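Welcome! Please take a look at the sequence and the 3D structure below, and then we can walk through a few spots together.

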Amino acid sequence: LAAHLKLAPSCVGTILDTASTVWSDYLAIPGVQEFLKRPESVDSWLQERIVNNPERIEAIIAYFKLISKLSRDDKEQQLLLELAKQPKLLANMLKLPTQAIDRIVSIDIVSSLIEFKSEQPLASLAQALDCAFMCVLVGTFLGATWPYYDP
């Protein structure tokens, strides 16, 4: 059923806007916890919500804590892959205040997402190129400023 619901991801955003007292009632509905574990529950709404609604940071943090707590099995990998497919999710998280970033990064699923993204070949290539350019820069600087000894 969850795979066929197209409006469900935006419903999750609506639920996030409600008070935290509704969470327990919402999670008590049959199938809701199972839906939140599924990759279909993640869509571009999440990355847009982070940028467009920075005043709702607590709801975003609560969402990540909730899905981290709910997905402790094989579905976590599927959900993690779906989160990784969101191209601007991590970049948009960096636009949050520092305290919010610290709190989000400490959540298991977000730290797993960061590890997963950093292990991808393009990220590794970027890190290697950054290191190579830094070595060239330091070498050029030392070559230009090193005191020469002329006897």
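In which helix is the place of Leu142? Leu142 sits in helix α10, which covers residues 121–145. Please keep in mind that this is a predicted model.

**A nonpolar patch**

Leu142 is partly exposed, because its relative accessibility of 38% falls between the limits of 20% for buried and 50% for exposed. Leu142 also helps to make a nonpolar surface patch of about 640 Å². The other residues in this patch are Met134, Leu137, Val138, Phe141 and Trp146.

**A salt bridge**

The count of salt bridges comes to 1. Glu82 forms a salt bridge with Lys85, and their closest N and O atoms are 3.9 Å apart. How do the two partners stand, buried or exposed? Glu82 is buried, since its relative accessible area is 19%, whereas Lys85 is exposed at 60% relative accessibility.

**A buried asparagine**

Asn92 belongs to helix α7, which runs over residues 89–93. With 6% relative accessibility, Asn92 counts as buried, because the cut-off for that class is under 20%. Leaving aside residues up to four places away in sequence, Asn92 touches Gln47, Ile50 and Val51.

Here are the accessibility values of the residues we visited, side by side.

| Residue | Relative accessibility | Class |
|---|---|---|
| Glu82 | 19% | buried |
| Lys85 | 60% | exposed |
| Asn92 | 6% | buried |
| Leu142 | 38% | partly exposed |

How values were computed:
Residues numbered from 1 in each chain as written. Predicted model: local features only at pLDDT ≥ 70, side-chain atom pairs only at ≥ 80, totals over all residues. Heavy atoms only, no water. Helix = DSSP H or I, 4+ residues; strand = E, 2+ residues; numbered from the N terminus. Buried < 20%, exposed > 50% of the residue type's maximum accessible area, 1.4 Å probe, protein only. Contact = heavy atoms within 4.5 Å. Patch = residues over 30% accessible without salt bridge, like charges linked within 9 Å, V, L, I, M, F, W, Y side chains within 5 Å. Areas by Shrake-Rupley, 256 points an atom, 1.4 Å probe, with all protein chains shown as cover. Salt bridge = Lys/Arg side-chain N within 4 Å of Asp/Glu carboxyl O.
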